[in-house]
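Here's a quick walk through some side-chain pairings, a helix packing and a few individual residues. Have the viewer open while you read.

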Amino acid sequence: MTSSSNFEHGEAIAIAIGGSGTALVGRSGATIVTSDAFAAIGDVESAVSPRWVWWSKETATEFVRSGIRPLRCWDLAAVHRLLEGGWRGDPGRVWALRRGLDPGDAPPRRGNVDLFTVVDDPDRPVLGTGHLHPEWAHGSWRGDVDRTRRWAELALDVQRWQAETLARLADHPTALTTARSESAAELLCAELETDGLPLDRAEAERIIATFIGDRPLDAADERRATAERDERVLLHLGAASREGIDLRNPASVKSLLRRVGIEVDDTRAWRLERRRGDHPIVDAILDWRRAERIATTFGYRWLDQHVGDDDRLRGTWSASDGAAGRMTATAGLHNLPAELRPAIAAEAGHVFVRADLGQIEPRILAAVSGDAALAAATAQHDMYAPVAAELGVEREVAKVAVLGAMYGQTTGHGAAARRELERAYPVAMDYLTRAARRAEGGNDLRTHGGRLVRMSTSGPLGAGTDEGRTRAAARGRYGRNALVQGAAAEFFKTWAAVVRARIAPAQIVLCLHDELLVHTPAHLGSVTAGAVDAALTEAAVHWTGGRPTVRFVADTAVVDRWSDAC
DNA sequence: TGCGGCTATTG
DNA sequence: CACAATAGCCGCAG
């Protein structure tokens with residue numbers, strides 16, 4: 001039996017789960033070292049509900065797999081990504097930043113130790129240079145219980161430094177809040193990976209079959225089916241002109257089209273779409289492309305690789321990847337073709353609560369730029385309606401103009417609407433323009449919530465040449481969009497974290513940039529939907545640091561299948 | 001075998 | 001066909 005009575009309610013407790021023991025070290029100084037990790041964790045969680053401090057999602061996954069779903073955490077790797085940008089968060093880098101060192105100077109792990117090697121003391125985690133001992137960074141802290149305790153103490157040290165650093169971050173007063181929600185998102189990713197997304201396998205197979213036929217019996221059968229699909233395109237050509245045509249090679253498709261009198265710059269679907277009437281082979285190619293996509297990416301192989309015996313679709317989740325810190329997922333979880341979505345179905349006796357944020361990016365722009373006029377427009381469920389009225393244009397024109405402004409669009413016929421935007425919402429437009437200008441010059445940016453968007457390490461700047469100007473303009477669009485998309489991602493994760501905390505026993509099973517899918521017992525459907533909506537208001541308070549200036553809206557529905565409308 | 005180009009899907 | 005992502009196949013360089 002372990003004793004959690006020495007810990008204080010809600011305090012930060014660092015945890016390191018080693019091979020010969022687990023260490024819990026509280027901010028108050030209370031410490032538990034135990035060989036029964038999960039009894040201790042469960043005990044402490046229910047007794048004092050701490051903010052668990054761990055080095056990375058690995059530990060979160062160990063919690064989840066042991067059936068423990070803690071309320072609060074602090075993920076050093078996730079917070080490191082917030083402070084430093086990018087996707088890396090290994091202990092060596094996290095520690096180097098805490099000590100103000102260049103992570104590139106950290107020594108590599110020793111390969112072959114010879115007579116002349118100076119062996120660092122394996123019991124000391126920090127080298128004379130201040131860098132983390134490479135063996136510790138690689139996991140040697142697991143092997144010895146004293147080292148495991150030391151590893152937890154180091155985590156607590158880094159956590160304090162990260163929190164102080166975020167609290168001092170000028171112009172980003174909500175950065176500490178962001179650190180907590182980013183940590184929660186990382187924990188949520190561990191849960192998403194463990195739980196998976198419920199899938200109706202029979203329905204999935206039925207849909208796949210409509211594109212590429214029944215499941216092939218063997219490799220030869222699969223080759224035969226492939227050849228038959230190819231044939232349905234090639235039969236439109238004469239025996240001579242079909243020689244050497246490879247439908248999987250765009251250049252070959254281009255020459256195929258030339259043989260039937262169709263000249264195109266490239267063979268993208270939207271271009272071919274316009275030439276449908278020119279020759280029946282165009283239709284055949286477009287059908288072939290759709291089937292080929294299912295066959296290669298979302299077919300029986302995909303099903304076998306990513307759907308478990310429990311009929312759950314699983315992929316790898318990242319809480320903040322890429323430019324602006326959006327969540328990403330593999331295994332098709334973020335780009336599943338609409339045709340396959342009817343296969344995502346709640347289990348028997350369960351329903352989904354599906355919730356979509358409405359017009360999240362322009363609402364976020366209104367909030368982060370502090371544009372009172374644009375913020376006023378967010379009072380409407382459809383904020384493009386008042387914007388269109390203000391600009392004196394059709395709703396669709398207003399929408400394209402606003403999106404174009406956020407993406408940095410330079411072409412198109414929205415020039416007049418663009419000038420009206422500058423007049424009506426100068427504060428928001430200035431926010432975007434300043435972000436673009438700074439990014440063009442290669443200056444790093446930070447999102448509203450404090451995430452660093454690195455512009456300084458993305459290659460040569462260049463300005464004098466055409467190519468240099470093109471690259472600078474691309475950087476400008478990238479930076480301009482990153483501040484909106486990144487802040488939207490932070491808001492979404494805040495919402496997801498609040499939902500997660502409020503919906504037990506329901507579970508979030510999918511996060512998709514502005515959409516949540518929650519799996520819940522059928523009798524709790526409407527209760528859960530209500531909690532998801534209420535969480536939006538709560539998230540807005542958290543994300544703004546207490547004073548929401550814009551209204552956020554969600555469309556929420558209780559459905560059986562993902563494809564069912566909100 | 002690794003990488004850039006092309007293509008598809010999604011928000 | 002702007003901004004972001006994952007992922008497949010092809011051709012080509014090493």
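The report below starts with salt bridges, moves on to a helix pair and ends with three single residues.

## Salt bridges

Keep in mind that this is a predicted model. Searching the whole structure turns up 47 salt bridges. One of them pairs Glu191 with Arg69, with the closest N and O atoms 3.9 Å apart. This pair links distant parts of the chain: Glu191 sits in helix H7 (residues 175–195), while Arg69 is in the loop between helix H2 (57–65) and strand E5 (72–75), 122 residues apart. How buried or exposed are the two ends? Glu191 is buried at 6% relative accessible area, whereas Arg69 comes out as partly exposed at 33%.

Another salt bridge joins Arg147 and Asp123, at 3.2 Å from N to O. Arg147 belongs to helix H6 (residues 145–167) and Asp123 to the loop between helix H4 (91–98) and helix H5 (134–137), so this pair ties together parts that are 24 residues apart in sequence. Arg147 counts as buried, because its relative accessibility of 18% is under the 20% cut-off. Asp123 is partly exposed, with a relative accessible area of 48%.

## A sequence neighbour pair and a network

Arg268 and Asp266 also form a salt bridge, with the closest N and O atoms 3.2 Å apart. On the acid side, Asp266 is buried, at 17% relative accessible area. Elsewhere, shared partners join salt bridges into one network made of Arg69, Glu191, Asp195 and Arg500.

## Helices H9 and H12

Two packed helices are described by the angle between their axes and the distance between the axes. Helix H9 (residues 219–234) packs against helix H12 (residues 280–296) at an angle of about 165°, and their axes are 8 Å apart. Why call them roughly antiparallel? An angle of about 165° is over the 145 degree cut-off, so H9 is roughly antiparallel to H12. The crossing of H9 past H12 is left-handed.

Which residues make the contact? From H9 there are Arg229, Asp230, Arg232 and Val233. From H12 come Ile281, Ala284, Ile285, Trp288, Ala291, Glu292 and Ala295. By type, the residues of this contact split into seven nonpolar and four charged, with no polar ones.

## Asp356 and Ala557

Asp356 is placed in strand E10 (residues 350–357). This aspartate is buried, with a relative accessible area of 16%. Which residues does Asp356 touch, not counting those up to four places away in sequence? They are Asp514, Glu515, Val553, Ala554, Asp555 and Cys566.

Ala557 is found in strand E15 (residues 554–559), and Ala557 is buried too, at 13% relative accessible area. Leaving aside neighbours within four places in sequence, Ala557 is in contact with Phe352, Val353, Arg354, Ala565 and Cys566. Cys566 thus turns up in the contact lists of both Asp356 and Ala557. As for Thr378, the C-alpha to C-alpha distance from Ala557 is 22 Å, with their positions 179 residues apart in sequence.

## Arg206

Arg206 lies in helix H8 (residues 201–212). With a relative accessible area of 47%, Arg206 is partly exposed. Where does Ala343 sit relative to Arg206? The two are 137 residues apart in sequence and 9.1 Å apart in space, C-alpha to C-alpha.

Terms used:
Residues are numbered from 1 along each chain as its sequence is written. Chains are lettered from A and ligands numbered from 1 in the order in which they are written. This is a predicted model: local features need pLDDT of at least 70, side-chain atom pairs count only at pLDDT 80 or more; totals for chains, interfaces and linings use all residues. Side-chain values use heavy atoms; hydrogens and water are left out. A salt bridge is a side-chain nitrogen of Lys or Arg within 4 Å of a carboxyl oxygen of Asp or Glu. Helices (H or I, at least four residues) and strands (E, at least two) are DSSP runs, numbered from the N terminus. Buried means under 20% relative accessible area, exposed over 50%, partly exposed in between (1.4 Å probe, protein chains only). Axes are lines fitted to C-alpha atoms, for helices over the stretch in contact, and angles run from 0 to 180 degrees between N-to-C directions. Angles under 35 degrees count as roughly parallel, over 145 as roughly antiparallel, 65 to 115 as roughly perpendicular and the rest as oblique. A crossing is left-handed if the near helix is turned anticlockwise from the far one by less than a right angle, and right-handed if clockwise. Contact means heavy atoms within 4.5 Å. Ala, Val, Leu, Ile, Met, Phe, Trp, Tyr, Cys and Pro count as nonpolar, Asp, Glu, Lys and Arg as charged, and the others, Gly among them, as polar.
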